[in-house]
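The exercises below ask the reader to work from the overall make-up of a chain down to single residues. Each task is followed by a solution that goes step by step.

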Amino acid sequence: MNPEEKLTVVIIDDSIHSDNPHGRTIIRIVKGLADFDLEVVTVASLEDARSAYANLPEADCILVNWNLGDSGSKTHADAKKLIHEIRQRNEDIPIFLMAEPAEETATTLTSLTVSTIREINEYIYIMDDTPEFIAGRITAAAKRYKEQLLPPFFGALVRFSKDFEYSWHTPGHAGGTAFRKSPAGRLFYKFFGEQLFRSDLSISVGELGSLLDHSGPLGEAERYAAKVFGADQTYFVTNGTSTANKIVFFGRVSKDDIVLVDRNCHKSAEHALTMTHSVAVFMVPTRNRYGIIGPIPPDEMAVKRIREKITKCPLTKNLADRKPVHAIITNSTYDGLCYHAALVEDLLGKSVDSIHFDEAWYVYARFNPLYSERFAMRDGAKNPEGPTVFATQSTHKLLAALSQASMIHVRNGRIPIVHSRFNEGFMMHSSTSPLYTIMASLDVSSKMMEGAAGRVLTTESIEEAIRFRRSMARIHREICGGGKQGDWWFGMWQPDTVIDPKTKKKTPFEKVSLETLRDTPSCWVLHPGERWHGFVGLPDNYCMLDPIKVTVVMPGVKEDGSLDTWGIPAAVVVKFLDTRGIVNEKSGDYIILFLFSMGNTKGKWGTLITELFEFKRHYDEKTPLEEIFPDLTMAYPDRYGGMTLKSLAEEMHAFKKDHRMCELLEEAYSTLPEPAVSYADAFRSLVRGEVDQVPVSKAGNRIVATGIFPYPPGIPVLAPGERTGRQDGPILRYLASLQDFDRRFPGFEHDTHGVESMKGEYMMYCIREGRK
């Protein structure tokens with residue numbers, strides 16, 4: 001937002017072009033507003049108004065004709081409804097009600113309901129008030145509105161930028177001046193624009209405050225964010241939730257402390273365990289037939305079970321204190337499964353004094369009632385006798401903020417954080433030269449989600465995801481339903497039927513109303529015994545699927561998790577979509593995940609469906625591979641020459657089936673490996689060079705120095721310091737199957753963190769034992 005841009009006024013009046021006194025008066029007002037340097041946008045129909053307002057966030061004031069629509073001057077129902085819709089989206093924008101003529105003033109006022117009076121700001125009687133007077137009132141209201149749009153830190157940054165001060169401090173480009181002294185620098189400057197460089201400041205600008213001591217406007221912005229996100233305290237983090245997770249660990253965990261760790265944790269938790277020299281005791285999540293990682297069962301969090309785990313862990317034998325101090329849980333999971341957070345806190349709070357929800361992909365949950373009770377910073381959840389709760393959130397991932405913009409939210413419990421102590425750990429992971437635009441984007445993101453706007457923005461994402469889901473289910477039923485044989489379409493990981501909360505009858509998913517799916521959490525709950533989700537042993541209401549995390553299922557996986565005689569691996573579809581400019585979030589062997597964020601539109605998901613149909617057409621018509629993947633066939637002509645899209649998919653599916661890759665994945669993750677040394681000791685061996693780079697084929701019973709994370713599923717099959725097990729055991733057989741696949745299908749290699757492929761052979765760092 002450029003504070004110097006013109007103020008924008010939107011006039012909604014379906015009689016604006018009428019050749020009558022009213023129409024001519026409105027035209028005079030439009031001209032008068034333009035003379036006052038106001039930008040005027042006119043909307044001449046009720047239908048246009050409903051679609052236009054959602055796409056006119058730059059509006060600073062809205063004028064609505066009280067006689068708008070078919071209801072006209074009889075009931076004013078259309079005007080009332082539109083005003084209410086606008087107010088639901090924006091609680092603060094000035095709304096002026098236009099009425100006429102003067103002799104009907106009494107009628108106008110008596111026709112106003114209390115609710116409408118509360119939703120408008122001023123009245124304009126267009127036949128009485130002059131354009132100059134109206135422009136003055138509008139300008140004053142719009143300026144007040146625009147000023148209050150600026151949240152604390154961004155507002156201070158905008159005001160500072162108006163001063164055009166000479167810079168005698170860092171950064172050295174001095175508002176971009178240095179870049180303009182070089183041809184390459186000028187291109188860089190022009191690409192990003194002057195405002196970026198003038199807002200790139202340093203801690204020397206005291207009036208903007210400091211990230212490290214949380215002072216001034218920066219501190220105000222963190223306190224404002226805490227209010228918006230429901231926290232006792234909030235900390236801005238400018239290098240991502242990976243760092244936010246480490247900061248939380250440094251505030252609660254130290255050497256030899258026991259931490260309860262979700263095995264489905266992000267790699268940054270592994271780094272935090274290494275850096276704090278703490279000991280991980282894992283809670284193991286469930287899995288389903290597609291390899292989707294589910295929630296940790298409640299039994300895994302029970303006090304008795306946790307004590308058993310600690311007792312059995314070899315790394316806890318010699319610890320003086322075997323009471324766990326902290327727990328970290330991924331919520332929601334990467335596939336969109338959300339815990340009942342209050343239940344998790346109750347279970348784990350009996351064992352630890354602090355619980356850390358990694359909500360990197362779940363920052364929006366607080367702002368929509370669909371997710372009630374399923375996130376950390378819940379209203380009414382504060383409990384002085386309960387555990388202190390942390391939520392680390394990647395604001396940039398699914399809200400509107402710049403990359404690396406994250407927050408730590410804190411709800412204090414029986415052992416609250418002491419800010420001055422916690423901040424020492426914060427400073428260890430924070431730069432003294434943070435990028436001010438990242439911090440400003442966090443501040444603006446808080447403002448965007450405050451009040452009604454947060455619900456509107458999240459609801460739009462949910463609705464678009466539901467529309468896509470219903471469309472895919474309808475297409476599947478039309479192509480494959482009714483006993484049709486020989487045709488196929490992509491499936492969706494979602495309920496096949498939903499129990500309507502009103503009729504209590506089962507209804508096919510695609511026929512359930514948008515409103516029901518949007519507003520009813522039970523539609524998305526993993527109810528016990530339902531076949532679609534494939535998880536067993538979970539209590540009702542414990543876990544819910546997030547509708548905006550959409551998993552498309554490829555054909556080929558049977559109900560028991562084994563592979564069918566025919567199927568299409570996801571890797572082929574992913575590569576096809578990539579050539580069409582469609583990039584998914586992640587994929588598994590037979591699933592593809594798409595995120596419906598605030599940036600999604602009907603056009604984007606409509607194009608996705610179109611391209612899925614294109615894939616189906618090329619597959620069914622056996623299109624030559626050189627027409628689909630020319631780069632692939634040119635790079636590997638001997639391997640892929642003469643193949644079709646269908647023959648590639650068939651060969652890949654047959655390989656997966658013959659090599660039992662899906663079964664090996666399940667077996668590899670079904671039991672935990674033996675921990676031999678701590679994360680920190682494993683890293684020490686790596687740094688000192690006390691390691692060997694060992695091929696998978698010779699890695700039996702070795703201790704790995706680094707974690708090994710196959711993608712999919714993206715969680716460690718081996719954590720640092722764990723033993724690989726027997727050479728013919730499930731873990732090494734699974735890694736060997738990935739290696740064999742990569743050799744067989746060049747161009748479709750797996751992304752396996754912790755291994756290096758050398759001439760087609762997987763190599764891993766293992767600790768050289770018998771040496772300290």
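**Exercise 1. Establish how many helices and strands the chain has, and how its residues and surface are distributed.**

Solution. The model is a predicted one, and its secondary structure comes to 30 helices and 25 strands. Next, take burial: of the 772 residues, 56% count as buried. The accessible surface comes to about 33200 Å², and carbon and sulfur atoms hold 52% of that area. Finally, turn to the contacts with a separation of 6 or more, where residues 24 or more positions apart account for 72%.

**Exercise 2. Decide whether the radius of gyration agrees with that of a compact globule.**

Solution. Begin with the expectation, which for 772 residues is a radius of gyration near 28 Å if the chain forms a compact globule. The chain itself has 30 Å, and this agrees with the expected value. As a complement, the box that the C-alpha atoms fill along the principal axes is roughly 95 × 65 × 60 Å.

**Exercise 3. Determine how confident the predictor is over the chain, and where pLDDT stays under 50.**

Solution. The average pLDDT of the chain is 91, and 95% of the residues score at least 70. The stretch where pLDDT stays under 50 is residues 102-106. For these residues the model has two contacts beyond four places in sequence.

**Exercise 4. Find which residues of helix H16 are buried, and work out why they can be said to line one face.**

Solution. Helix H16 covers residues 341-348, and its buried residues are Ala341, Val344, Glu345, Leu347 and Leu348. Looking down the axis of H16, one finds these buried residues within an arc of 165°, and therefore they line one face of the helix.

**Exercise 5. Describe the surroundings of Ala391 and Gln393 in strand E12.**

Solution. Strand E12 spans residues 388-393 and contains Gln393, and Ala391 has its place in E12 as well. Consider burial first: Ala391 has 0% relative accessibility and Gln393 has 5%, so each counts as buried, the cut-off being under 20%. Then turn to the contacts, leaving aside neighbours within four places in sequence. Ala391 touches Phe357, Glu359, Ala376, Met377, Met407, Ile408 and His409. The contacts of Gln393 are with Phe229, Thr241, Glu359, Ala360, Val363, Ser406, Met407 and His409. As a last step, compare sequence with space for one pair: Ala391 and Met407 are 16 residues apart along the chain, and 8.2 Å separates their C-alpha atoms.

**Exercise 6. Identify the side chain with which Gln233 makes a polar contact, and place Gln233 among its neighbours.**

Solution. Gln233 belongs to strand E6, which runs over residues 233-237. The polar contact joins the side chain of Gln233 to the side chain of Asn412, at 3.2 Å. Asn412 is also one of the residues that Gln233 touches beyond four places in sequence, together with Ala226, Ile408, His409, Val410, Ile417 and His419.

**Exercise 7. Are Pro324 and Asn318 buried or exposed, and where do they lie?**

Solution. Asn318 lies in the loop between helix H15 (303-312) and strand E9 (324-330), and Pro324 is found in strand E9. With a relative accessible area of 78%, Asn318 is exposed, whereas Pro324, with 6%, is buried. Pro324 is in contact with Ile258, Leu260, Ile306, Ile310, Ser351 and Val352, its neighbours within four places in sequence being left aside. For distances, Pro324 and Ala280 are 44 residues apart along the chain with C-alpha atoms 9.4 Å apart, while Asn318 and Gly175 are 143 residues apart in sequence and 57 Å apart in space, C-alpha to C-alpha.

**Exercise 8. Locate the cis peptide bond from Asn331 to Ser332 and the positive phi values of Asn541 and Lys622.**

Solution. The bond from Asn331 to Ser332 is cis, with omega near -5°, and Ser332 lies in the loop between E9 and strand E10 (337-339). Asn541, which is not a glycine, has phi near 70° and is found in the loop between helix H21 (514-519) and strand E17 (543-545). Lys622, likewise not a glycine, has a positive phi of about 55° and has its place in the loop between helix H23 (602-620) and helix H24 (625-628). As for accessibility, Asn541 is partly exposed at 38%, and Lys622 is partly exposed at 48%.

Key
Residues are numbered from 1 along each chain as its sequence is written. This is a predicted model: local features need pLDDT of at least 70, side-chain atom pairs count only at pLDDT 80 or more; totals for chains, interfaces and linings use all residues. Side-chain values use heavy atoms; hydrogens and water are left out. Buried means under 20% relative accessible area, exposed over 50%, partly exposed in between (1.4 Å probe, protein chains only). Helices (H or I, at least four residues) and strands (E, at least two) are DSSP runs, numbered from the N terminus. The arc is that of the directions from the helix axis to the C-beta atoms. pLDDT is the predictor's confidence in each residue, from 0 to 100. Contact means heavy atoms within 4.5 Å. The radius of gyration is taken over C-alpha atoms; the globule rule is 2.2 Å times the number of residues to the power 0.38. Accessible areas come from the Shrake-Rupley method with a 1.4 Å probe; for residues, only the protein chains shown count as cover. A polar contact is a pair of N or O atoms within 3.5 Å; within protein, one must be able to donate a hydrogen and the other to accept it, and residues adjacent in sequence count only if both atoms are side-chain atoms.
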